[in-house]
Amino acid sequence: MADALVSPAIAAGTGAIAATLIAVAASKVKQIRRDDIIPLMGVMGAFVFAAQMINFSIPGTGSSGHIIGGVLLSAVLGPWAAFITLCSVLIIQCLVFADGGLLALGCNILNMAATSCLIAYPLIYRPISGTSLKPWRITAASIAASIIALEIGAAGVTLETELSGITALPTSTFLAFMLPIHLAIGAIEGVATAAVLCFLAKYRPETLYSDYTADESSCTGRFASGSGRLRPVLIGFAIATLIFAGAFTWLASANPDGLEWSIEKVSGISDMPSATPATAFMPDYDSRFAGIVGAIIVMVMLWAITTIIFHRVRNAHQNSSTKGKE
Amino acid sequence: MKPAERSHIGDIDPRALLLVTVVYLVAMLSVPLQRTDMIIWFAAYPIISAPLAHIAYERLFRNSLFVLPLLVFIGIFNPIYDRTPAFALFGITINSGWISFISIIIRGLLATQALLLLIRVSGFNEMCEALHRLGCPGAIATQLLMVYRYLSVLLEEALTMQHARQARSYGKNSFKASLWGPFVGQLLLRTIERSRRINMAMKARGFNGTLSTSPNMHWTTADTVYCLVWIPVFFSLRFIDVSALLLTLFAYC
């Protein structure tokens, strides 16, 4: 999400929720009894940060995507430490590369970090993988959790953009665009996550997160003790959600009543607006257009003036430094 | 990222810069999409501030263009769906959708420019300290610095592995798909091992889990003045129709 796609109200709301989650996560991380948690969080954050820089193309769509890394982080660090780590990655992307936007940070934290670390990992990954280190279970859990995280995140982007009143695109059509693309990205992320986790499980299984490394009073400890009866329900929920997501995506793609219909409508002459006479020159809205033109002219003048001053100051600075050297 | 060279606003406290940037974003993004004329006036902030930070505005503008594809992707549907006529220009009816599309592009570019300006002027370490002093939990402030520092460790290990692989691959540049998992897993393990050694060395030197960044950060009168100059300007641009005001003035003249 970029700043331009959110209204201040949505930014404030999501920012408040994200800040609360960060505060909770920070207190949970303090309870973790693991000596190497600080360097591990740093390294994993750097790893995911580097991985997010790699964009891969999605066949057949003409678009590209990058992994989020929340499931991978959660499987190594646990959900709360992973959440803090992923938040830090998103903040660095925002503050170092201006990628994502400052006001949209709350939206991005909810769409990417909260969905993957606090929803997909405990509800999808853990019930499927359990404490087993079998490659097929890790692979199934990684793919399912990554797809669910991406799909929920994509739905979040759609909802936030719609609530901000930025796009005129109907919600269903917007979802029909977002969900299939993110289904593909989720599947690729799931495979990549599984490849790394299977390697770690084979050669260094102690690197992977275990509930017993956290404080027993934390929520992850309770989740582990109750997972015996809960697991079939959660596996069922995961499968149902996957089927629902897949079916919804298929339906959305198969019924293009949104965009294609609209493009057809746009190209039709009968639907062109006829409220304004074709010969009129700005009959009712000329002041608005004049305002735009005026604002542009002033900004260009401002830019020209500041550029001239900037170059003069720089030249004067260079001249003075040259004289100083002589 | 290094802070901007010593400039007029290079000495401003990062908290003041952050506050001004947030107010700027809130003020600009709260302007209705149909008021493109009001949004354009907000370009004054990056246009004036960039030279003050010794950055050419053209460069800042070019750097902000990377966000354009996303803005176009989201905004391009507005002309298709919102076809309410806004005004006619040389006999061509312009829809509201086009107005909002242009607004999305402009505000997206301006928001990115403001953020780039903030990053360039303040620097990453100072920004982390500012976030910590503004109430951000210590865990996340430390984590930010850790990720930033361990990135170079990760890249070093990746380069070492890449060189080792090239040395024994006899000119083959491509990787088999099946090798990616072990390569990335091995990279992760090597970096984790090295980070543990670094952590032990840091602990031996008194590291207690908190990284100090810039203890000499003080709020000065210049920072207050900087805020008091820009924030009222942003509020004025948000609530006063400057274009209409100027048109009225021209009409009188």
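Colleague: Which pattern of helices and strands does chain B follow, read along the sequence?

Modeller: Helices and strands here are DSSP runs, numbered from the N terminus: a helix is H or I over at least four residues, a strand is E over at least two. Chain B of this predicted model follows α-α-α-α-α-α-β-β-α-α-α-α-α-α. That comes to 12 helices and 2 strands. On reading the model, residues are numbered from 1 along each chain as its sequence is written, and chains are lettered from A and ligands numbered from 1 in the order in which they are written. This is a predicted model, with local features needing pLDDT of at least 70, side-chain atom pairs counting only at pLDDT 80 or more, and totals for chains, interfaces and linings using all residues, while side-chain values use heavy atoms and leave out hydrogens and water.

Colleague: How many bridges join strand β1 to strand β2 of chain B?

Modeller: Two strands pair if DSSP finds at least two bridges between them. Here β1 (residues 85-89) and β2 (residues 92-95) of chain B run antiparallel and are joined by 4 bridges. Pro85(B) stands opposite Asn95(B) in β2(B). The hairpin has 2 residues between the strands, and Phe90(B) takes a positive phi near 50 degrees there.

Colleague: Now the fold as a whole. What percentage of the residues of chain B count as buried?

Modeller: Buried means under 20% relative accessible area, exposed means over 50%, and partly exposed lies in between (1.4 Å probe, protein chains only). Of the 253 residues of chain B, 52% count as buried. Contacts add to the picture, a contact being heavy atoms within 4.5 Å. Among contacts in chain B with a separation of 6 or more, 77% come from residues 24 or more positions apart.

Colleague: Which residues is Ile106(B) in contact with, leaving aside its neighbours within four places in sequence?

Modeller: Ile106(B) is found in helix α7 (residues 96-122) of chain B. Leaving aside those neighbours, Ile106(B) is in contact with Thr36(B), Ile39(B) and Ile40(B). Ile106(B) and Thr36(B) are 70 residues apart in sequence, yet their C-alpha atoms are 8.3 Å apart in space.

Colleague: Is Asp37(B) buried or exposed?

Modeller: Asp37(B) is buried, with a relative accessible area of 3%. Its place is in helix α2 (residues 36-41) of chain B. A polar contact is a pair of N or O atoms within 3.5 Å; within protein, one must be able to donate a hydrogen and the other to accept it, and residues adjacent in sequence count only if both atoms are side-chain atoms. The side chains of Asp37(B) and Arg35(B) are joined by such a contact of 3.0 Å.

Colleague: How many salt bridges does a search of the whole structure find?

Modeller: A salt bridge is a side-chain nitrogen of Lys or Arg within 4 Å of a carboxyl oxygen of Asp or Glu. The search finds 10 over all chains. One of them joins the side chains of Asp13(B) and Arg15(B) at 2.8 Å, N to O. Asp13(B) is buried at 3% relative accessibility, and Arg15(B) is buried at 16%. Another joins Arg194(B) and Glu157(B) at 3.3 Å. This pair links distant parts of the chain, with Arg194(B) in helix α10 and Glu157(B) in helix α9 (residues 138-167), 37 residues apart. Arg194(B) is partly exposed at 22%, whereas Glu157(B) is buried at 9%.

Colleague: Which residue of chain A forms a salt bridge with Glu193(B)?

Modeller: Glu193(B) meets Arg204(A), the closest N and O atoms being 2.7 Å apart. The count between chain B and chain A is 1 salt bridge. Within chain B, Glu193(B) also forms a salt bridge with Arg196(B), at 3.5 Å. These two are 3 residues apart in helix α10, so they are separated by about one helical turn. Glu193(B) is partly exposed, with a relative accessible area of 28%. Salt bridges that share partners join Arg204(A), Glu206(A), Glu193(B) and Arg196(B) into one network.

Colleague: How many residues of chain B are in contact with chain A?

Modeller: 87 residues of chain B are in contact with 85 residues of chain A. Buried area is the accessible area (1.4 Å probe) that two parts lose on being put together, summed over both. Chain B and chain A bury about 7,500 Å² between them, 79% of it on carbon and sulfur atoms. Tyr81(B), Arg83(B) and Leu188(B) supply 9% of the area that chain B buries against chain A, more than any other three residues.
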